[in-house]
Every structure is written in structure tokens, then in C-alpha cells.
Amino acid sequence: MENIEIGERLEELADLLEISGANPFRIRAYRNAVRTIRGLTRPVKQMVEAGEDLTELPGIGKDLSAHIRELLETGELELLKEVTAEVPRELAILTRLDGVGPKKAKKLWEELEVVTVDDLEREVEAGRVAELSGFGEKSATKILRAIQDHRKHQGRFLRHAAIQYLEPLLDHLEKAKGIRCLEVAGSYRRGKETVGDIDLLALVEGEGKPVMEHFIAFPGVDRVDMAGETRGSVVLRSGLPVDLRIVPEESYGAALHYFTGSKEHNVEIRKRAQERGLRISEYGVFRVAEEEEGEEAREEDAGGPEEVQEAGPQSGERLSGATEEEVFQAVDLPWIPPVLRENQGEIQAAEKDALPELVALEEIRGDLHMHTTWSDGRDSVRVMAEACRERGYAYMAITDHSQAVTVANGLTPERIREQWKEIDEAREAVEGIRIYRGCEVDILKDGSLDLPDPVLEELDLVLVAVHSHMEMDEAAMTRRILEALAHPLVDILVHPTGRLINRREPYSVDMEAVLHAAKEHDVAVEMNANPQRLDLHDRHLFRARELGVRVVVSTDAHRTDHLSFMESGLDQARRGWLEAGDVVNTLGLDAFEAWRTRKRG
Ligand code: DGT
Ligand code: CA
Ligand code: CA
């Protein structure tokens, strides 16, 4: 069992315990443990195997250590079984809906006998949720929206979660006898923020069967749907479906290209092939046999890859297909990076030799959005500074919340000045990195900023963001944000859409107008690297680049290990075609200073 699964199980336990009315201290202990487990950079499993004492980890006592061992040994948790005998397990799902949480879930269950999402929807629609004390109309509407979001995203996994489910499987597969190449294709390879399933490709020496057997024997497999010679299909315990295809060497590149997609990109490539008298399939590049010419193009959208496979278009003379380069070469194109393969202009750009040089992690010189113990972060200014220096950054900004965000213990002008003393101390103590005084200033309902100008003037970097009244209509929200962008001291608009993937849809805003205003007022927009947020979307980024709006990729870290979210943010940035030149925090210290002071005379 992986850390992420252990965390999920313990979180479920905490949610259910809270619904059952257990002691709040006990619940908090479980939640702290969840945070610890999620923050670990090593598998707990390894630690236990190495005989390490888990109680030495922060927030893990004897009980929790025992629970974790039980999960690792049996895959189950006796206590969870006991709790679910009293509290229906489905209620834990309700607590994940935006605007519900354990307290409300408990009330819904006790007063209205709501257990499932369907129950909840029925009760909301019947008007009974709005009537419950502590709910009201507004809350009921919000819940209904959360239910719709939940439905829409059911079955799609955050990329970040999928990576963690997948890694142990890849380790396992690499040990299979005869495996020569193993690659993840599909939306995962294209760097998408969510994935429906995982598509694996393997190149095998000799027989495929033993590799397939090894695949389905992976301990994390919950269900085997299919296990043939060349194709296997399983569902992992986490619910993640994984397909494995074993392909011959001569077809490897063609298969990799085909199963990487996107479908829309593939369709375009095949059209180009046709124009050249060729056929590209997952088996390779073929010259169309004469008797076939003029035949109708095969229906590309007819079905999944399985059907295509049955059609088995291998007739004609094989020209190539062992590598992806050969596939692109056959249609007179250079190799196109998978993150761009969405048929959004990449083929035309490749044709003109104008593909972007996508921004890379090594080019990032600083992180400009993070929280500390001064608001809702876990670590001190100094600890965050040391962690940033360790990552090799030249600069960083401490950007806690401002006062209006009371749930996050936002800073008043008095407290922010207090914080500056601590920043000064960190500047003394941590050498080799420039530490900026920043703040994530709330954009109030009317578009004004949550801190007075004299304070903003003394900040090195002003971030602005919407944290409340997200249900405003598009016109009002757009006006509100444009008002904030016009403030002469604003540097960066952070998490510009407010979405939480699979949990909360972006608020309604005219992004085109926002990007134009950002350009006009020389405000950068943030590509928030938190894997749950990842706003902006790829199309927004593409548009920002087109308009010449500067982008910042930052992590919004609330603890040191979140600083590693940078890579997720860059995946998304690359999907938006960004190059280093589009991203402000690739600038070296001097150039960044020049940018940072552009409005500060
Ligand atoms: P996902 O899994 O929903 O996140 O998205 P993908 O892109 O991984 O899609 P998936 O798993 O259904 O299929 C993997 C790749 O196989 C897909 O990106 C392109 C290719 N493919 C699947 N079905 C078709 C099809 O009907 N026509 C063509 N040309 N390609 C297909
Ligand atoms: Ca897929
Ligand atoms: Ca698939």
C-alpha cells in the first residue's frame, strides 16, 4: 500500500469518526497524521521494512503507527470496519463536496437520512436542505453545484494522484523478465491535469505471456478485466484503470504515437498520411496498396482502439514505425512533444519549424507564492527560505494571506509589519537567496484591495486573488477583477479562475477581458502549480502568450514539500506552449529585479 492510499484510508476514517461524533482531539490526531503521510518523500512501507520507528514522525503516535502497520500488512483497517458498521461509508464521499464537510454531512444524515450523493441531490431539490438549520438557500445552491461538479468529474483522476498510484506498478513491471521498453502513453504522457485511465506500452523480448502474467500479479491490482497475449486490462485498488499493450519492435513508435493521442491529433496525422499515399496505424507506416486507393478513409471516430485493432490495417508495404520520429518523418514533420498533441495548431507550427522551446524546470529561478505560519502555512519563514535555497532558487517571495481571509488567519497591517521583522531575520540567517516581502492580497467584493496603499507600497511584491463571493455573475466578477488589476501596485493575479479540480468549477469570469487588462496594466498572471488548482488552463496560457501577457509559475506552497509542485505547474505551462521567455520567474535575479520594480519608480 502506497502513502497516498494510507493517507486516503486515514482521512476517510477521520471523516467518518467526525460524523459519528468522536472526540475532536482524536480526529485532529488522525488529520495530522494524514498530513504527515502525504508530506513524506519516502514510502512508509520502506520505513517499516527498514525497521524504523514511525512514532518518530510528527503527529504519529502509538495508535496511528499501529494503524499504518495494519494497513500495510493486511490492506485493511479493523477500526474502519467498526466505524462503518455505525456510519455509512458513503458519507465520506459527501464530505468531499465543496460546501459540505463532516459537520454538515452528519446533520444531513441524521435529519434527512442522506447517505449518498443521489440522496443529497433529491433532498436539495425537494427544498428540505435549505430548511435545515445551518444551511439555507445559498448553501443548498452551492451544494447542488458541487454535486454537478462531482458528477462531471467522476472517474477522472488528478494527474498528481495517478502518478503516485502508478509509480509502484511501473517499478513492478520493470522487473518483469523480457521487458525492454516500458512507456506510459495516453493523456498521462500528454501531461493532462486529469487522466481517465493509464495506457502502458511495452516492448518485450520473446513471449509476451509471462510479462502479462507479471502485470496482473501486481499486488495493487483489484480486478483483472482482461489478460490476453498482447493486451491486458486491470483496475487498481485506487480505482485507476490501467491498460497494458505489448507491441512488436517494428511497430513500437507507431503504437506509442497512436496511443499517446490525442485522438484529434492522430486524425490529423492520418489525414496527412493519406495525402501522401500512406497509411499510419498503430502497427506502422504503410504504403497504400493500389487497389485500396480511392477507398473511403476509415472512420476514425467510430470506436476505441480495440475496434481499430480488430480492423488490423497492415496491408501494403511497411515503410517504418519503430520510432515516433519515423512516424512524423513519414508526414514531413519534425517530432512533436506529446504535451502539444491536441490538434491546437501544433501540426501547422511543426510544418513551419516554429514549435515552441518548452519551458523546463532547470530554467526556473524562483518561487513567488508561498505561505507560512503567519497565515495558513505549516512552516516558518526561515524554514521555507532554506527549502527554496536548497532547490537552488535565486529568489523567493513570502506571500501570506491578507486580513479578509479570516479562515486562513490573514494578516492585518499590524501583523504584516511584524512579519517583516521575521523576514529580516531570515534574510540574515539564510544566505544566497533573495527573500521578498510579498502578500496574497484579497480582492474584495467591490474590486478594492484588502490592504491600504501605504502597506502595499512597502511590499516588494503584490499578489492579488479572489477568495470570497465566488458565485457572482460573470459581468460582476470580471468588473471586480479588472478593478483590482488597474490598481497601480499590483504585480501578479494569482489563481485567476479559482477552480479546484474535480471539486469546484472555475468562477465565471471573462478571461479574455482579464488577459487584456493584465496586458494593459502590466500585471502577470499565475499558473498556480498546486495539482488541485492548475489554473490557468492550457488554452488560457496559450492566449496569454499570444497577447504577450507575462506568466508566473508558482507553487502556492503551504509547507516545504509543496515546493515540489513546481513540476506539475510546468507540465501545465508546457501544455500552454510556454517558453522560458514567457515565464517571469525564469529571469535571473537582476532581470527579475528590473521586472519587479517596473511600477515602483
Ligand atoms: P483519458 O484516458 O480519457 O484521459 O484520455 P486518453 O487520451 O488517454 O484516451 P484513451 O485512453 O481513450 O486512448 C488513448 C489514446 O488512444 C488516445 O489518446 C488516442 C488513441 N485513440 C483512442 N481511441 C481512438 C480512436 O477512436 N481514434 C484514434 N485516431 N485514436 C484513438
Ligand atoms: Ca488514457
Ligand atoms: Ca485507455
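User: Domain bounds here come from an automatic or database domain assignment. Into which domains is the chain divided?

Analyst: This is a predicted model, in which local features need pLDDT of at least 70 and side-chain atom pairs count only at pLDDT 80 or more, while totals for chains, interfaces and linings use all residues. Residues are numbered from 1 along each chain as its sequence is written, chains are lettered from A and ligands numbered from 1 in the order in which they are written, and side-chain values use heavy atoms, with hydrogens and water left out. The division gives domain 1 (3-153), domain 2 (157-246), domain 3 (254-351) and domain 4 (361-596).

User: How much area is buried between domain 2 and domain 4?

Analyst: The C-alpha centres of domain 2 and domain 4 lie 37 Å apart. In contact (heavy atoms within 4.5 Å) are eight residues of domain 2 and eleven residues of domain 4. Buried area is the accessible area (1.4 Å probe) that two parts lose on being put together, summed over both. Carbon and sulfur atoms give 53% of the area buried between domain 2 and domain 4, a total of about 760 Å².

User: Which three residues supply 64% of the area that domain 2 buries against domain 4?

Analyst: The area buried between these two domains is about 760 Å². On the side of domain 2, the 64% share is more than any other three residues supply, and it belongs to Leu158, His160 and Glu193.

User: How many salt bridges does the rule find across the interface of domain 2 and domain 4?

Analyst: A salt bridge is a side-chain nitrogen of Lys or Arg within 4 Å of a carboxyl oxygen of Asp or Glu. Asp571 and Arg159 meet in such a pair through their side chains, at 3.3 Å from N to O. A search of the whole structure finds 56 salt bridges. Across the interface of domain 2 and domain 4, the number found is two.

User: Which residue forms a salt bridge with Arg96, and is that partner buried or exposed?

Analyst: The side chains of Arg96 and Asp15 meet at 2.6 Å, N to O. The pair links distant parts of the chain, 81 residues apart, with Arg96 in the loop between α6 (91-94) and α7 (101-112) and Asp15 in helix α1 (residues 3-19); helices are DSSP runs (H or I, at least four residues), as are strands (E, at least two), numbered from the N terminus. Buried means under 20% relative accessible area, exposed over 50%, and partly exposed in between (1.4 Å probe, protein chains only). Arg96 is partly exposed at 35%, whereas at 4% the partner counts as buried, and that partner is Asp15.

User: What is the distance between the closest N and O atoms of Arg180 and Glu249?

Analyst: Arg180 counts as partly exposed at 42% relative accessibility, and Glu249 also counts as partly exposed, at 45%. Their closest N and O atoms form a salt bridge at a distance of 3.1 Å.

User: Which protein residue bridges the calcium ion (ligand 3) and the calcium ion (ligand 2)?

Analyst: Donors are N, O and S atoms within 2.8 Å of the metal (3.2 Å for Na, K and Ca); water is not among the atoms, so sites may look incomplete. For the calcium ion (ligand 3), the protein donors are two OD entries from Asp197 and one from Asp199, lying 2.2 to 2.8 Å from the ion. Asp199 counts as buried at 12% relative accessibility, whereas Asp197 is partly exposed at 25%. The two calcium ions lie 3.8 Å apart, and the bridging residue is Asp197.

User: Which residue in β9 is the bridge partner of Ile280?

Analyst: Strand β8 (residues 278-281) points Leu278 and Ile280 one way and Arg279 and Ser281 the other way, and all are buried. Two strands pair if DSSP finds at least two bridges between them; β8 and strand β9 (residues 284-287) run antiparallel and are joined by four. The two strands form a hairpin with two residues between them. In β9, the bridge partner of Ile280 is Val285.

User: Which residue in β6 does Ala227 stand opposite?

Analyst: Strand β5 (residues 221-227) pairs with strand β6 (residues 231-236) in the antiparallel sense, over five bridges. A hairpin of three residues joins β5 to β6. Opposite Ala227 stands Gly232.

User: Which strands stand at the edges of the open sheet of seven strands, and why is one side of each left without a neighbour?

Analyst: The sheet has parallel pairing and the order β11-β12-β13-β14-β15-β16-β17. One side of each edge strand is left without a neighbour in the sheet because each has a single partner strand; these edge strands are β11 (366-367) and β17 (551-554).
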